Amino acid sequence: MFAPGTFIKFYLEFKFISEFGYYAYYSEGVNAPFWVDVSRYLFVISFAILVSANAQWQRVRIYFSLFLIFAIAFLLLGVRSSFVLYTSVLYFVYYNCYPNRPPKISTLFFVFILMISLLLFVQFYRQGWHFELSDNNLLSYFFISQSNSFYMLPFTMENLDKFTSDFSVFSPISPEAAIYRSQNVERLNELGLLGDVISYHVLGDKLFSQGKGLGGNFVAELYQSGIIVTLIMCVFIGRVIAVFQRDILYNRYFFIG
């Protein structure tokens, strides 16, 4: 039902990239009708509902194929994080709901190598096959050349004394987060979001006031919040994952969440 709008959005994005390039796509985005934009999210939700309905594999495998195409389309757009997310969802759903055997270690290893290779290929293609490889280590280059989020932890370590909040990991869910929506100095002082603090002190006041930023990083937020909060959050998140993994076999409606 939502597949037409979803793939129309991909068509518009591919057309935009072919005409203006990846830089324009990431800096400006693609304007599309509201129903086209929202179709992508509804497509994911409808897939989750389908899986939660305990449908037999013969009935859902065509939807698995569509969802795989959906994930690959993100890879071709250069949106590697979405590709990893949605292929991981497919892998998790398939091996938790349909086969009678767990995945083999060799299969997991092969998928990992294939994933890294695809992400490297897309990265090189997106940057026009121009890169500097000083130590001939493709794996280290892969991590070093990722988005700015990989640099947020060292930036946080250098600017620990600049934070207005002692626990930035909780700042996004504080009541003030609903009040201060725009990126500005007032939000920086009142809320203390890690992304705001680092962007302000690394990029400077002028670029920060123009809306420029470096993003965020959950690991950096945990580091800034201290060892006690880090241990509590790790135990809590691990517990949530364990409960989800255990209960999803008996109640697939957890997929909708």
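Trainee: Which helix gives the most to the nonpolar patch?
Mentor: Happy to start there, keeping in mind that this is a predicted model. The patch covers about 470 Å² of surface and is made by Phe218, Phe236, Ile237, Val240 and Ile241. Four of the patch residues come from a single helix, spanning residues 227-247. That helix is α12.

Trainee: Is Val240 buried, partly exposed or exposed, and what is its relative accessible area?
Mentor: Val240 has its place in helix α12, and it is one of the residues that make the nonpolar patch. Buried would need a value under 20% and exposed one over 50%. Val240 falls in between, so it counts as partly exposed, with a relative accessible area of 45%.

Trainee: How many helices and how many strands are there in the protein?
Mentor: Good thing to check while you have the fold on screen. Reading from the N terminus, the elements run α-α-α-α-α-α-α-α-α-α-α-α. The count is therefore 12 helices and zero strands.

Trainee: What share of the accessible surface belongs to carbon and sulfur atoms?
Mentor: Let's take the inside before the outside. Of the 257 residues in the protein, 35% are buried. The accessible surface comes to about 16300 Å², and the part that belongs to carbon and sulfur atoms is 64%.

Trainee: Which element gives the largest share of the largest nonpolar core?
Mentor: This core has 28 residues, and Tyr25, Phe67 and Phe70 touch the most other members. The elements that give two or more residues to it are α1 (3-28), α2 (34-52), α3 (57-77), α4 (80-97) and α5 (105-126). The largest share is nine residues, and it comes from α3.

Trainee: Which residues is Phe67 in contact with, leaving aside its neighbours within four places in sequence?
Mentor: Phe67 is among the residues that touch the most other members of the largest core. With the neighbours within four places set aside, its contacts are Phe43, Val44, Phe47, Tyr86 and Leu90.
Mentor: There is also another core, lying apart from the largest one, with nine residues that include Met152, Leu194, Phe208 and Ala220.

Trainee: How far apart in sequence are Glu13 and Arg40, which meet in a salt bridge?
Mentor: Their side chains meet at 2.8 Å, N to O. Glu13 sits in helix α1 and Arg40 in helix α2, so the pair links distant parts of the chain. The separation is 27 residues.

Trainee: Are Glu13 and Arg40 buried or exposed?
Mentor: The cut-off for buried is under 20% relative accessible area. Glu13 is at 4%, and Arg40 has a value of 10%. Each value is under the cut-off, so Glu13 is buried and Arg40 is buried.

Trainee: Is Asp161 buried or exposed?
Mentor: Asp161 meets Lys162 in a salt bridge, at 3.4 Å, N to O. Lys162 has a relative accessible area of 34%, so it is partly exposed. For Asp161 the value is 61%, and because exposed means over 50%, the word for Asp161 is exposed.

Trainee: How many salt bridges does the structure hold?
Mentor: You have already met Glu13 with Arg40 and Asp161 with Lys162. Asp196 and Arg187 meet as well, at 2.8 Å, N to O, and both of these residues are buried. The total number of salt bridges is three.

Methods: Residues numbered from 1 in each chain as written. Predicted model: local features only at pLDDT ≥ 70, side-chain atom pairs only at ≥ 80, totals over all residues. Heavy atoms only, no water. Patch = residues over 30% accessible without salt bridge, like charges linked within 9 Å, V, L, I, M, F, W, Y side chains within 5 Å. Areas by Shrake-Rupley, 256 points an atom, 1.4 Å probe, with all protein chains shown as cover. Salt bridge = Lys/Arg side-chain N within 4 Å of Asp/Glu carboxyl O. Buried < 20%, exposed > 50% of the residue type's maximum accessible area, 1.4 Å probe, protein only. Core = buried A, V, L, I, M, F, W, Y, C linked by side-chain atoms within 4.5 Å. Contact = heavy atoms within 4.5 Å.
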